[in-house]
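Work through the exercises below with the sequence and the model open beside the text, and try each task before reading its solution.

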Amino acid sequence: MDPRLCALIRSNVEAVSARPDGLQTLSKAFYANLFARHPETRQYFPAAMREQRERILHAVVHVVDRLSRPETVVPFLEQLGRDHRKYGIELWQYKALTEALIDAVAQAAGDDWTTELDDAWHHALHLVATTMTEAAAAETGPAAWVGTVVEHRRPLDDVAVVRLRLDQPMAYEPGQYVSVQVPGRPRMWRYLSPATPPDADGAVEFHVRRVSGGWVSPYIVSHARVGETWVLGSPIGALGAETMRPGPGRPRPLLMIASGTAIAPMRAQLMALARRPATRAVTVFYAGRYPCDLYDLPTLWHLARTNPWLTVVPVTESPTDPWWFTGPTDPPAGLSLLEGPVSRCVAEAGDWSGHDVQIAGSPAMIQATKFRLQATGVPADRIRHDPLY
């Protein structure tokens, strides 16, 4: 796109964001417009719309921030287009979504809306829709996968490790994530990262933490059962793209930072790297609030013992477990816990300016860690994380 149009759209979104409830007004207006004009589209969305409205906001902001960088936004939109095949969306529905969104932005902008803005948004969203639909049309793989739960265990009361067998193998890069729909929560798609590399037999593993007040994660942790079937969309994300396909020359060492169940995309990459004859040095900071939160530390430690290129550093904010936890959590022999916020522990642990960096966790943890690393000299363009949904 023309850089001037990109700047115009970005400033428009920033102005709407600065208003009290500006973005919330935009998302509510978008769905109100869409359902009023095209009531048949309501079937694609869940009954409870709060999280869906937040998701569309994050997606819009993510794309707007990257409009002037096609090398980053185009692959993301192509992945979304392939993933949206699971809905069976047709071209006219993309046009309906485009018009509903433009009208919602105009409503949120109020008197600031201009003909130039209208043209800029139409141009941008036409490119978005074209990119998504062309990628979807070119894809020859399945629109969705069906997975049968073959194992469900709870290493912690609020964490479940779920293994599925897919109806056919899924090709994905370790570190990517997929949309998942579980029984009892129709149309409530959630993004989960496989904790294992692609498997020729279609096996895949997910790690899920129960979110208080959530709809899907409490079901997965407490109610998912062996034998039930899930539906999975196409893989999305580029967190591990450089890990698995490094550029020319000697690859830089890699720093991975993850908290809780966000260790999943890092773990999948480490398992894939362990299958290779040689790889670059990798340091993993695995963080939790308590030692018991590091439920997957034995797996990482086993990988480190058998792969000299891997260093694992466990980090907890508290050195002891809460009173209500009674299970064993002593770190494996040879490992000692660092204590404190992981952002501080990583920044103080060494010079990472020559590393590529991946971060996975809550939005607050990702932002704090990213800012601390940049303050110590790590270039911003070497720090990767998935969109903060």
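## Exercise 1: The chain as a whole

Among contacts in the protein chain (heavy atoms within 4.5 Å) between residues at least 6 apart in sequence, 74% join residues at least 24 apart. This is a predicted model, in which local features need pLDDT of at least 70, side-chain atom pairs count only at pLDDT 80 or more, and totals for chains, interfaces and linings use all residues. Residues are numbered from 1 along each chain as its sequence is written, and side-chain values use heavy atoms, with hydrogens and water left out.

Task: describe the secondary structure, the dimensions and the burial of the protein chain.

Solution. Begin with the elements: the protein chain has 12 helices and 12 strands, where helices (H or I, at least four residues) and strands (E, at least two) are DSSP runs numbered from the N terminus. The radius of gyration, taken over C-alpha atoms, is to be set against the globule rule of 2.2 Å times the number of residues to the power 0.38. For this chain the radius is 22 Å, close to the 21 Å that the rule gives for 389 residues, so the chain is as compact as a globular protein of that length. Along the principal axes, the C-alpha atoms fill a box of roughly 65 × 50 × 45 Å. Finally, buried residues (under 20% relative accessible area, with exposed over 50% and partly exposed in between, for a 1.4 Å probe and protein chains only) make up 50% of the 389 residues.

## Exercise 2: The second largest pocket

Task: state the volume of the second largest pocket, and find which residues lie nearest its centre and which element gives the most to its lining.

Solution. First fix the terms: on a 1 Å grid over the protein atoms alone, a pocket is an open set of points with protein on both sides within 12 Å along at least five of seven lines, a cavity is a set where a 1.4 Å probe fits but cannot get out, and lining residues have an atom within 4 Å of a point. The second largest pocket has a volume of about 1,300 Å³, and of its 45 lining residues His62, Arg66, His385, Asp386 and Pro387 lie nearest the centre. Elements giving two or more residues to this lining include helix H2 (22-37), helix H3 (50-65) and helix H8 (241-244), and H3 gives the most, with eight residues. By class, the lining has 15 nonpolar, 12 polar and 18 charged residues.

## Exercise 3: Two enclosed spaces

Task: contrast the linings of the cavities by class.

Solution. The structure holds two cavities of 30 Å³ or more. The largest cavity, of about 40 Å³, has among its lining residues Leu239, Glu242, Arg280, Asp356 and Arg384. Strand S11 gives the most to this lining, with three residues, and the classes are three nonpolar, two polar and four charged residues. The second largest cavity holds about 30 Å³ of space and is lined by Leu23, Leu26, Leu57, Val60 and Val61. Here H3 supplies the largest share, three residues, and the lining has five nonpolar, no polar and no charged residues.

## Exercise 4: A tryptophan in a loop

Task: locate Trp215 and list its contacts beyond its sequence neighbours.

Solution. Trp215 lies in the loop between strand S5 (203-209) and helix H7 (216-222), and is partly exposed, with a relative accessible area of 43%. Leaving aside neighbours within four places in sequence, Trp215 is in contact with Ala48, Glu51, Arg185, Met188 and Arg190. The C-alpha atoms of Trp215 and Ala48, 167 residues apart along the chain, are separated by 9.3 Å.

Definitions and conventions: Points joined across faces, edges and corners; volume = space filled by probe spheres on them. Nonpolar A, V, L, I, M, F, W, Y, C, P; charged D, E, K, R; others polar.
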